[in-house]
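Subject: Structure for your attention, with notes

Dear colleague,

I am handing over the structure below, and my notes on it follow directly after.

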Amino acid sequence: MLSSTSNRFHTWAKGWLILSIIAAFVLLVNLPLADPTLVSMSLDGQFAYTPEQAFSAVASYGDNGRDQMIWIHLGDFFLITLYTSMFCLSISWLFQRGFKLDSRIQKLNLVPLLGGFFDVMENIWIMAMILVYPAQPTIVAWLSTISTMGKYIMGIPIVLLLLIGLVKAATNTFRGS
């Protein structure tokens with residue numbers, strides 16, 4: 001299954017598609033769809049937080065803010081899909097031009113899926129805390145912060161893979177191996 005998923009990303013790794021996804025992502029991220037103050041208080045913008053900090057944040061949103069945060073996190077699923085695809089396809093495109101096509105390193109184009117998974121789980125746990133408010137399920141808060149930290153930590157190998165792919169592709173003058 002991993003090989004077929006990796007191969008599918010390699011098949012779809014076309015410059016025009018990657019640029020289109022990047023443009024859509026930048027456009028959507030910059031749309032003023034939500035209260036910027038509320039968004040700045042969101043748990044998913046913090047690297048780590050305790051359950052007490054999570055419950056305090058959820059309480060500080062207020063009733064209208066909690067309703068809006070549910071919609072923000074639901075919309076975030078679309079952004080997660082965009083940025084995960086963007087990274088998988090970009091790594092695929094660069095690695096096709098930097099490494100032999102039959103190399104096992106080509107499968108590293110799937111690493112962004114793990115980052116996307118953590119982001120999806122983060123949204124689920126944050127929405128769960130909002131939906132059960134004023135209850136304070138500690139396990140859900142811990143799962144949320146673990147997912148948030150996982151999302152941010154996964155950014156490191158994704159950026160490294162993009163840089164490695166860029167350097168290797170550039171050494172091949174972006175022609176492919």
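Aspartate 63 counts as exposed, at 56% relative accessibility, where exposed means over 50% relative accessible area, buried under 20% and partly exposed in between, computed with a 1.4 Å probe on protein chains only. Its side chain meets that of arginine 66 in a salt bridge, at 2.5 Å from N to O, a salt bridge being a side-chain nitrogen of Lys or Arg within 4 Å of a carboxyl oxygen of Asp or Glu. Arginine 66, in contrast to its partner, is buried, with a relative accessible area of 8%. Both residues lie in helix α5, 3 residues apart, which is about one turn of the helix.

Please keep in mind that this is a predicted model, in which local features need pLDDT of at least 70 and side-chain atom pairs count only at pLDDT 80 or more, while totals for chains, interfaces and linings use all residues. Residues are numbered from 1 along each chain as its sequence is written, and side-chain values use heavy atoms, with hydrogens and water left out.

As to the overall architecture, the chain holds 7 helices and 0 strands, helices (H or I, at least four residues) and strands (E, at least two) being DSSP runs numbered from the N terminus. Read from the N terminus on, the elements therefore run α-α-α-α-α-α-α. The C-alpha trace spans about 55 × 30 × 25 Å along its principal axes, and of the 177 residues in the chain, 38% are buried.

The salt bridges come to 3 in total by the rule above, and besides the pair within α5 there are two that involve lysine 151. The side chains of aspartate 119 and lysine 151 meet at 4.0 Å, N to O; aspartate 119 lies in helix α6 and lysine 151 in helix α7, so this pair ties together parts that are 32 residues apart in sequence. Aspartate 119 and lysine 151 are both buried. Lysine 151 also forms a salt bridge with glutamate 122, at 3.2 Å from N to O, and because glutamate 122 lies in helix α6 and lysine 151 in helix α7, that pair ties together parts 29 residues apart in sequence. Glutamate 122 is buried, as is lysine 151, and through shared partners the salt bridges join Asp119, Glu122 and Lys151 into one network.

Next, the packing of two helices. The axes of α5 (residues 62–98) and α6 (residues 111–132) come within 9 Å and cross at roughly 175°, where axes are lines fitted to C-alpha atoms, for helices over the stretch in contact, and angles run from 0 to 180 degrees between N-to-C directions. That makes α5 roughly antiparallel to α6, since angles over 145 degrees count as roughly antiparallel, under 35 as roughly parallel, 65 to 115 as roughly perpendicular and the rest as oblique. The residues of this contact divide into 17 nonpolar, 5 polar and 3 charged, with Ala, Val, Leu, Ile, Met, Phe, Trp, Tyr, Cys and Pro counted as nonpolar, Asp, Glu, Lys and Arg as charged, and the others, Gly among them, as polar.

Turning to the pockets, the search used a 1 Å grid over the protein atoms alone, on which a pocket is an open set of points with protein on both sides within 12 Å along at least five of seven lines, and lining residues have an atom within 4 Å of a point. The largest pocket has a volume of about 710 Å³, a volume being the space filled by probe spheres set on the points, which are joined across faces, edges and corners. It is lined by 25 residues, of which Val29, Val39, Ile72, Asp76 and Leu79 lie nearest its centre. The elements giving two or more residues to this lining are α2 (15–29), α3 (36–40), α5, α6 and α7 (138–171), and the largest share, 8 residues, comes from α5. The lining divides into 15 nonpolar, 4 polar and 6 charged residues.

The second largest pocket holds about 160 Å³ of space, and its lining includes Asp119 and Lys151, two members of the salt-bridge network described above. Helices α5, α6 and α7 each supply at least two residues of this lining, with the largest share, 6 residues, coming from α7.

Best regards

Note on methods: On a 1 Å grid over the protein atoms alone, a cavity is a set of points where a 1.4 Å probe fits but cannot get out, and a pocket is an open set with protein on both sides within 12 Å along at least five of seven lines; lining residues have an atom within 4 Å of a point.
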